[in-house]
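Grab a pencil and open the structure viewer. Below are some exercises to try, each with a worked solution to check yourself against.

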Amino acid sequence: MKSHQEPRSGSSCAACKLLKRRCTPTCQFAPYFRSDEQNKFAKVHKVFGASKVSKILNEVPEEQREEAVNTLVYEADMRLRDPVYGCIGAIASLQKKMVELQHDLILARARLAYYVDQSVLFSDDGANMYCPGIDMVEAFNGQDCLSFDQFSQYPFP
């Protein structure tokens with residue numbers, strides 16, 4: 001973890017460069033906004049302001065400050081991309097995508113169960129490939145009663 005007393009190169013941190021002030025060895029922004037990360041601090045400054053960021057850093061325990069800064073940077077970036085919803089818009093979008101993918105997974109499992117059931121009913125050798133007492137979906141979740149090769153010949157619609 002970075003420390004406030006860590007020696008730095010001679011250049012000012014990104015915050016001091018943007019704020020056009022002299023960077024001191026005790027600068028609270030220096031450990032989190034390196035001199036080559038001016039865009040990172042610019043986003044945070046535009047959304048929250050330097051005094052608010054300074055206040056947040058003072059209130060957060062030192063071992064959690066780096067994560068707090070990463071969170072502020074992410075929130076600022078999201079707020080600049082979507083001024084109305086910010087992070088909430090990104091979260092809602094990801095949740096919607098997750099629901100869609102879960103729905104697709106349910107459909108794929110249902111199709112798979114249908115095709116496996118069809119291959120069992122119309123098996124050429126007459127052998128019963130189905131495991132009695134085991135739900136078809138359970139058969140795909142770890143039971144080795146059905147072989148993938150037996151239904152891989154059927155394309156999904």
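Here come the ground rules, followed by the exercises.

This is a predicted model, in which local features need pLDDT of at least 70 and side-chain atom pairs count only at pLDDT 80 or more, while totals for chains, interfaces and linings use all residues. Residues are numbered from 1 along each chain as its sequence is written, and side-chain values use heavy atoms, with hydrogens and water left out.

**Exercise 1. The overall picture**

Find out how many helices and strands the protein has, and what share of its residues count as buried.

*Solution.*
- Step 1: go through the elements, taking helices (H or I, at least four residues) and strands (E, at least two) as DSSP runs numbered from the N terminus. You should get 6 helices and 0 strands, so to speak the pattern α-α-α-α-α-α.
- Step 2: sort the residues by relative accessible area, where buried means under 20%, exposed over 50%, and partly exposed in between (1.4 Å probe, protein chains only). Of the 157 residues, 28% are buried.
- Step 3: look at contacts, meaning heavy atoms within 4.5 Å. Among contacts with a separation of 6 or more, 49% are between residues 24 or more positions apart.

**Exercise 2. One helix, two faces**

Work out which residues of helix α3 are buried and which exposed residues sit on the face turned away from them.

*Solution.*
- Step 1: walk along α3, residues 50-59, and pick out the buried ones: Ala50, Val53, Ser54 and Leu57.
- Step 2: look down the helix axis. These buried residues fall within an arc of 100° (taken from the directions from the axis to the C-beta atoms), so they line one face of α3.
- Step 3: recall a handy rule. An α-helix has 3.6 residues a turn, so residues three or four places apart point the same way.
- Step 4: turn to the face away from the buried side, where you meet the exposed residues Ser51 and Glu59.
- Step 5: ask what covers the buried residues of α3; the cover includes α1, α2 and α4.

**Exercise 3. Inside the core**

Which helix gives the most to the largest nonpolar core?

*Solution.*
- Step 1: know what to look for: a nonpolar core is a set of buried Ala, Val, Leu, Ile, Met, Phe, Trp, Tyr and Cys residues joined through side-chain atoms within 4.5 Å.
- Step 2: locate the largest one, which has 19 residues; those with the most contacts inside it are Cys13, Cys27, Phe29, Phe33, Phe41 and Val44.
- Step 3: check the helices. α1, α2, α3 and α4 each supply at least two residues of this core, and α4 gives the most, with 4 residues.
- Step 4: zoom in on Cys13. Leaving out residues up to four places away in sequence, Cys13 touches Cys23, Cys27, Phe29, Ala30, Phe33, Arg34 and Ser35.

**Exercise 4. Following the charges**

Trace the salt bridges of Glu37, starting from Arg34, and then find the partner of Lys43.

*Solution.*
- Step 1: start with the idea. Side chains of opposite charge can pair when their charged atoms come close. A salt bridge is a side-chain nitrogen of Lys or Arg within 4 Å of a carboxyl oxygen of Asp or Glu, and the structure holds 5 of them.
- Step 2: place Glu37 in the loop between α1 (14-19) and α2 (38-48). Glu37 is buried, at 17% relative accessible area.
- Step 3: measure off its bridges in your viewer. Arg34 and Glu37 have their closest N and O atoms 3.4 Å apart, while Glu37 and Lys40 meet at 3.6 Å, N to O.
- Step 4: compare the partners. Arg34 is partly exposed at 40%, and so is Lys40, at 21%.
- Step 5: put the pieces together: Arg34, Asp36, Glu37 and Lys40 are linked in a network of salt bridges.
- Step 6: move on to Lys43, which pairs with Asp77, closest N and O atoms 3.1 Å apart. Lys43 lies in α2 and Asp77 in α4, so the pair ties together parts that are 34 residues apart in sequence.
- Step 7: finish with burial. Lys43 is partly exposed at 24%, whereas Asp77 is buried at 16%.
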